[in-house]
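User: I would like to go through the open spaces in this model and the reasons for the terms used.

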Amino acid sequence: IIEVNLTPIWGEKDGMGVVAVLHDITAIRRLEKMRTEFVANVSHELKTPVTSLRGFAETLLDGAAEDPQMRREFLEIIHRESLRLERLIGDLLDLSKVESRKMPLQLEPIRVKELTYPAIQTVIEAMKKKGLRFRLDLEEDFEVQVDKDRFSQIVINLLSNAMSYTPSGGSVTLSAGKEKDHWWIRVSDTGIGIPEEDLPRIFERFYRVDKARSRESGGTGLGLAIVKHLVESHHGEIYVDSQAGKGTAFTLRFPL
Ligand code: ADP
């Protein structure tokens with residue numbers, strides 16, 4: 001997109017002329033478009049749980065509260081939807097923090113085993129409850145330089161996704177290793193996988209392969225966008241390898 005500014009000028013000898021200044025505003029327009037789309041997406045995502053909260057509260061007030069079974073069912077929905085809303089707001093705040101780079105990383109040396117432990121603790125019970133097997137596969141325990149809390153969030157997001165998108169009876173593996181000039185960590189699962197055509201878009205904010213399934217599992221559609229930002233702020237790269245129906249592996253690589 002080119003914006004043209006025309007300025008008339010007067011020359012003593014030649015009479016009138018025009019100076020044309022051309023600006024390439026493609027990048028600016030693209031950014032504006034992304035911002036408007038983001039605001040529209042956020043509004044929509046916030047509106048959905050709020051509409052449901054209001055609907056169920058109104059139905060209860062209109063008399064459904066008299067019926068103990070309905071009362072319990074609707075209150076459970078209200079509870080679940082408010083948790084989703086809370087998670088969405090939390091993810092939005094996290095995303096805005098990592099995107100604005102306001103919080104510098106607190107890098108510290110830590111061993112990989114110790115680094116992954118809190119993340120595993122966070123999800124392990126829910127995994128067991130869902131009937132998933134979990135395996136930790138560390139070739140060796142080595143030291144890395146990371147921001148402990150932020151890195152935990154990366155691992156929690158990946159493990160939570162692996163759990164959400166793997167049917168019961170499947171397995172989730174967390175592995176890590178060290179090469180000459182880099183180290184890597186991988187979360188793989190034997191779940192539903194991601195169709196090839198969706199792979200390039202899964203790191204976009206609010207992109208979901210299956211909106212209904214993501215909602216059902218409590219997803220906000222922001223998890224991988226946050227992960228990608230956090231990985232990049234650690235100067236790392238993220239790769240995804242997936243086959244629909246077979247499983248998915250997210251591999252992160254960081255310089256040593
Ligand atoms: P969500 O909150 O919907 O899980 P994410 O940003 O974490 O959002 O992931 C984006 C989408 O990528 C998900 O909706 C899902 O379709 C797909 N996805 C992410 N991780 C996996 C996985 N381990 N297996 C299958 N699909 C996945």
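User: What volume does the second largest pocket have?
Analyst: In this predicted model, the second largest pocket has a volume of about 550 Å³.

User: What makes a residue part of the lining of the second largest pocket, and how many residues line it?
Analyst: A lining residue has an atom within 4 Å of a point of the pocket. The second largest pocket is lined by 16 residues, and Met34, Phe38, Glu99, Glu204 and Arg205 lie nearest its centre.

User: Which helices each supply at least two residues of the lining of the second largest pocket?
Analyst: Helix H1 (26–61) and H6 do. H1 gives the largest share, six residues.

User: Why are residues of the lining of the second largest pocket called charged, and how many are there?
Analyst: Asp, Glu, Lys and Arg count as charged, and eight residues of this lining therefore fall in that class. Six others are nonpolar and two are polar.

User: What is the volume of the largest pocket, and how many residues line it?
Analyst: The volume of the largest pocket is about 1100 Å³. Its lining has 42 residues, with Ser160, Asn161, Ser164, Tyr165 and Gly219 nearest the centre.

User: Why is Gly219 counted as polar, and Tyr165 as nonpolar?
Analyst: Because the classes place Gly among the polar residues and Tyr among the nonpolar ones. The lining of the largest pocket divides into 16 nonpolar, 16 polar and 10 charged residues.

User: Which element supplies the largest share of the lining of the largest pocket?
Analyst: H4 does, with nine residues. Elements that each supply at least two include helix H2 (68–100), helix H3 (112–130) and strand E9 (247–255).

Terms used:
Residues numbered from 1 in each chain as written. Predicted model: local features only at pLDDT ≥ 70, side-chain atom pairs only at ≥ 80, totals over all residues. Heavy atoms only, no water. 1 Å grid on protein atoms, 1.4 Å probe; cavity = no way out; pocket = protein on both sides within 12 Å on 5 of 7 lines; lining within 4 Å. Points joined across faces, edges and corners; volume = space filled by probe spheres on them. Helix = DSSP H or I, 4+ residues; strand = E, 2+ residues; numbered from the N terminus.
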